[in-house]
Amino acid sequence: MIPSIHKRGSQTIGLIRYLYGPGTHEDHTDPHLVAAFDPLTPDPGRDPGATYKQLQRLLDQPVNALPKGRRPGQHVWHLSIRAAPEDPVLSDEDWAAIARRALAATGIAPTGDEAACRWAAVRHAEDHIHIIATLVRDDGRRPRLHNEARRAQAEARRIEANYGLRRVTPGDGTAAQRPTSAEVHKAERQGRERPLREQLRETVRQAVAGAADETEFFGRLQATGLLVQQRIAPSGALLGYSVALPGDHNEAGAPVFYSGSKLSPDPSLPRVRKRFTRDLSTEHKPPHIPGHRPAHEAGIGSARRIATHTAWITLLALDQDGHGAAAARIAATGEILDSLAQTSPAPMRQQLREAAWAFERASRSHTREEYRHAQALRRAARDLRYGGPASGWGEDGASTAMLIDILFFLATAAAHWHARRHHAQQAEAARQAAAHLRAAYTIAAAEPMARLREQGQQLAQPVRDWSAALLRATAPDIAAQVIGEPGWPALVATLTHAYQAGHNPQALLAEAITHQQLDTAGSISGVLVWRLRHLADLPADATPGRRPQVPTAPTRQPRPVEGIPSANATASRRGR
């Protein structure tokens, strides 16, 4: 159940006409009162003798009783309360009780207060009601409305519990402003995927991702084709900005501009500036990966590998260095998602875009971000953007799958971090992002995993037995499950590749398994494949000619890891 307090107005009769009228899209059916401050309040919807003017005069009577100089200019208060689509249809009596509870909670009409504000609750659809009230009490005083929106939300959570309705995640006041009903209807008329406010917010967010400074940020905005206005102080200092979509005009024919702060708290100029703690284009170097040149020298695969490495390090150190560092790393992870969505192949782009859209809510809380701890992630987002679009096959496609796999776990870790701090909406948003990342991974990993599985299936039986013994010795608790998964042959191939490249497969396997969250994986073998290929710096793709020839069996056993028995020792014990 979602209560929404709308912008205050000055014309009571105008709102009454809308509530009882046909609606913008002829969608109002049987408008009628379900409750009012006085049981004898006229109902123009059910009483042929009642008029809009009668209802307006009754509601406005305390306002008009004041001297003109004391009357509030914006005296019309408007609250809508909407049930979820899956909720049962409530009766008029239920809605009447809900209206009274909401009015008491907000301070408009406290229970038992006979001098409270006048109000009326109108129902013109099965799933919601509108409450109109005038902001002068019968005793001439003004109501106390401090934090009425938050109190309405808290009461809605209690109503959901009492009526068995869908439980909406409680907010903390950091969510972006929702599009108005007029903006939603306008988007529907124009055939837009999202309301203009949300479309602009996404475009601005993508322009921020990995930007080094204000000049680059505004250059990106202008490159999208948006109209950009900057607010300049007399001193010449930049105070703020606003954006508009060409062709979107108001009734006067002027472009409809939205300031960054009206789109969401994050795109406001002061908050954008906080991300620019150093020059990403020159000062900050990306993390070093042996055998790889910097992303701007090596192209897409390297940019994705650097982003994978940076995301992996972030996953291991998310909540180190304090809450501010974790909040900044989560926000910068959103920049990675935005850049990845813009540069990934079409088959997975929509899921990545939805992941970035959902994660935007997870990237903002009351915890103040310390962006000096997140510059490696921001640089990785920059490298992804300037690396250009990926092809979707070969090393590009496989590196994309590897990165999405790590980002899934990073989004899951962000959900856990928020949940521990009771950030309910942010935790739910991170979980939604993780679900979209899982869907994107399924698309991205299909071909590279199929090639790895094929290679694993072609390996000789002694190699497969060696891999199974290695897994049982290193991770006996999950060995049976992993060996039974469809992705097991791909893991066999990867262990063999790591061995041939001179690594200790058992040590790599132990490191990959030690780090958490395997229980959230759809396929543990798939997760281990990508973690091992990352840790061993193996090519993400297993296309023939891009890797050394796989031997029929290892020529030597890997060195034992301290505290973990070697594979051949375990096999010997099993043979005794």
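Buried means a relative accessible area under 20%. The views below come from a predicted model.

**View 1. An aromatic pair joins helices H17 and H19 through Trp-466 and Tyr-499.** Six aromatic pairs, written as 6 in the count, occur in the structure. In the one shown, the ring centres of Trp-466 and Tyr-499 are 5.3 Å apart and the planes meet at 70°, so the pair is edge-to-face; the cut-off for that class is over 60 degrees. Trp-466 belongs to helix H17 (residues 461-474) and Tyr-499 to helix H19 (residues 488-500), so the contact ties together parts that are 33 residues apart in sequence. Trp-466 has 6% relative accessibility and therefore counts as buried. Tyr-499, at 5%, also counts as buried.

**View 2. An aromatic cluster and two charges over rings.** Phe-217, Phe-218 and Tyr-241 make up one aromatic cluster. The charged end of Arg-194 sits over the ring of Trp-357, at 3.9 Å from the ring centre. Arg-531 lies over the face of Phe-409, and here the distance to the ring centre is 4.9 Å.

**View 3. Helix H6 is largely enclosed by the rest of the structure.** Helix H6 covers residues 196-208, and at 1.5 Å a residue its 13 residues should span 18 Å. The expected span is taken as 1.5 Å times one less than the number of residues. The C-alpha atoms at the two ends of H6 are 18 Å apart, which agrees. Of the 13 residues in H6, 12 are buried, so the helix is largely enclosed. The buried residues include the charged-type names Arg-197, Glu-198, Arg-201, Glu-202 and Arg-205. Leu-196, Leu-200, Thr-203, Val-204, Gln-206, Ala-207 and Val-208 are buried as well. Just after H6, Gly-210 adopts a positive phi of about 75°.

**View 4. Strand E5 is covered on both faces.** Strand E5 runs over residues 128-137, and 10 of its 10 residues are buried. In a regular strand the side chains alternate between the two faces of the sheet. One side of E5 carries His-128, His-130, Ile-132, Thr-134 and Val-136, and the other carries Ile-129, Ile-131, Ala-133, Leu-135 and Arg-137. The residues on both sides are all buried.

**View 5. Strands E3 and E4 pair with E5 in the antiparallel sense.** Strand E3 (residues 76-82) pairs with E5 over 7 bridges. Within this pairing, Leu-79 stands opposite Ile-131 of E5. Strand E4 (residues 117-125) pairs with E5 over 6 bridges. Trp-119 has Ala-133 in E5 as its bridge partner. E4 and E5 form a hairpin, with 2 residues between the strands.

**View 6. Thr-41 is buried in the loop between strand E2 and helix H2.** The loop that holds Thr-41 lies between E2 (32-36) and H2 (52-64). The relative accessible area of Thr-41 is 8%, so the residue counts as buried. Leaving aside residues up to four places away in sequence, Thr-41 touches Leu-33, Ala-36, Leu-55 and Leu-58. Thr-41 and Leu-58 are 17 residues apart along the chain, and their C-alpha atoms are separated by 8.0 Å. A polar atom of the Thr-41 side chain lies 2.6 Å from the backbone oxygen of Asp-38.

Conventions. Residues are numbered from 1 along each chain as its sequence is written. This is a predicted model: local features need pLDDT of at least 70, side-chain atom pairs count only at pLDDT 80 or more; totals for chains, interfaces and linings use all residues. Side-chain values use heavy atoms; hydrogens and water are left out. Helices (H or I, at least four residues) and strands (E, at least two) are DSSP runs, numbered from the N terminus. Buried means under 20% relative accessible area, exposed over 50%, partly exposed in between (1.4 Å probe, protein chains only). Two strands pair if DSSP finds at least two bridges between them. Rings of Phe, Tyr and Trp (its six-membered ring) pair if their centres lie within 6.5 Å; planes under 30 degrees apart count as stacked, over 60 as edge-to-face and the rest as tilted. A charge sits over a ring if NZ of Lys or CZ of Arg is within 6 Å of the ring centre and within 35 degrees of the ring normal. Contact means heavy atoms within 4.5 Å. A polar contact is a pair of N or O atoms within 3.5 Å; within protein, one must be able to donate a hydrogen and the other to accept it, and residues adjacent in sequence count only if both atoms are side-chain atoms.
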